[in-house]
Amino acid sequence: MFKIRNFIWLILFVVFIFLLGWWQNNKIKIIWQSEPGDNEIMNWQHNSVDVLQNIVTEVESSVMPMVEVLKTPPPLKTDLKNKTNELVDSKIIFYTNQARLQYQLPPLKENNLLQQAAQNKLSDMVKNQYFDHVSPQGVSARDVIDSVGYKFIAIGENLALGGYSDEADLVNAWLASPGHRENILSKNYTEIGVAVVYTEFAGEMTWIAVQEFGRPASDCPAVSESLKNQIEQEKISLQAKENELETKLTALNVNRPAANATRQQIDDYNRLVEEYNNLVAIYKQQAENLKQQIQIYNQQVEQFNTCLKNINY
């Protein structure tokens, strides 16, 4: 009877050792498999980053060309004549609007920033003795308008040099030139700034005049530059986390315990699994937040583009 009892206890002990080893080995698998598998996580990361990058690229390419509407016809030169009358910028604006009224176009409003841009352009041409939309230093019409802080949807610039008897004579000279006429009669613009001076140019006294046309960005819903910059920063941060996940995944594959691992090895490995899975959760949440930011940005772009389509370019 004693031998039978010992034999039974021995069998139970062996079964207990076997079950304990099986439980330790499978505990690792249960913890590991409680989160998405390796392939699922990596595919999710790769696809989400590609999608976000495509969205941002589409947004940038759809908005930027529409904003940069700039028309600068070749500068107009007429025969030099003696100065007969004083030309005044406000009267040039008056005759410009008279021409627009003949075609049932709304008058252009004088804008202080465009007025300053026109004066800056005029002063620069006189100082550096050039007559062009781009200075010898490479400063363009857009640069001149940007420098005064005028935010625009569309801009245009007319230049004239020569002898003009009065403001109507100057405006008529522009109207006789197709490119300048297009700027004066354009539906794109709602505001204007003008500067004019009688000065020495290339050794002779002559008139030089500048018209700056614009349509303010406030005419359409704003697209947030700060949100766009934030999206770019979030993309960088997300990429860093993706790299960190790849490093941790490599460590998990290298350090996966064998079936006969010690308790300490199992605990250390499970801690790595927990860190990895926690980072996956953070990555997913950050990616979801980034998607929402891009959706908001896309809505702003869509509203902006709809506004542009309603403007006759």
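How exposed is Glu232, in terms of relative accessibility? Select Glu232 and you will find that it counts as partly exposed, at 26% relative accessibility. For this tour, buried means under 20% relative accessible area, exposed means over 50%, and partly exposed lies in between, using a 1.4 Å probe and protein chains only.

Before moving on, please note that this is a predicted model, in which local features need pLDDT of at least 70 and side-chain atom pairs count only at pLDDT 80 or more, while totals for chains, interfaces and linings use all residues. Residues are numbered from 1 along each chain as its sequence is written, and side-chain values use heavy atoms, with hydrogens and water left out.

**Stop 1: Glu232 and its partner**

Keep Glu232 selected and add Lys235: their side chains meet in a salt bridge, at 3.9 Å from N to O. A salt bridge here is a side-chain nitrogen of Lys or Arg within 4 Å of a carboxyl oxygen of Asp or Glu. Lys235 counts as buried, at 17% relative accessibility. The two residues are about one helical turn apart, because they sit three residues from each other in helix α8. Helices (H or I, at least four residues) and strands (E, at least two) are DSSP runs, numbered from the N terminus.

**Stop 2: salt bridges along α9**

The structure holds six salt bridges, and the next two to select are in helix α9. Start with Asp267 and Arg263, whose closest N and O atoms are 2.9 Å apart. They lie four residues apart in α9, about one turn of the helix. Asp267 is partly exposed at 31%, and Arg263 is partly exposed at 32%.

Now pick Arg271 and Asp268, which form a salt bridge of 2.5 Å, N to O. This pair is three residues apart in α9, again about one turn. Arg271 has a relative accessible area of 42% and Asp268 has 30%, so both count as partly exposed.

**Stop 3: the disulfide**

Stay with α9 and select Cys307, then Cys220. Their sulfur atoms are 1.9 Å apart and form a disulfide, defined as a pair of cysteine sulfur atoms within 2.5 Å. By this rule the count comes to one disulfide. The link is left-handed, with -80° about the S-S bond. It joins distant parts of the chain, 87 residues apart: Cys220 is in the loop between β6 and α8 (225-255), and Cys307 is in helix α9 (residues 263-309). Cys220 is buried at 5%, and Cys307 is buried at 14%.

**Stop 4: helix α3**

Select residues 89-101. At 1.5 Å times one less than the number of residues, the 13 residues of α3 should span 18 Å, and the end C-alpha atoms are 19 Å apart, which agrees. Colour Ile92, Ile93, Thr96, Asn97, Ala99 and Arg100, the buried residues of α3. Look down the axis: these residues fall within an arc of 150°, so they line one face of the helix. The arc is taken from the directions from the helix axis to the C-beta atoms. Around them, show β3 (109-110), α4 (112-128), α6 (167-175), α7 (178-184), β5 (191-201) and β6 (204-216), against which the buried residues pack.

**Stop 5: His133**

Finish in the loop between α4 and α5 (141-147), where His133 is found. His133 is buried, with a relative accessible area of 6%. Leaving aside neighbours within four places in sequence, the contacts of His133 include Thr72, Pro73, Lys121, Glu157 and Leu159, where contact means heavy atoms within 4.5 Å.
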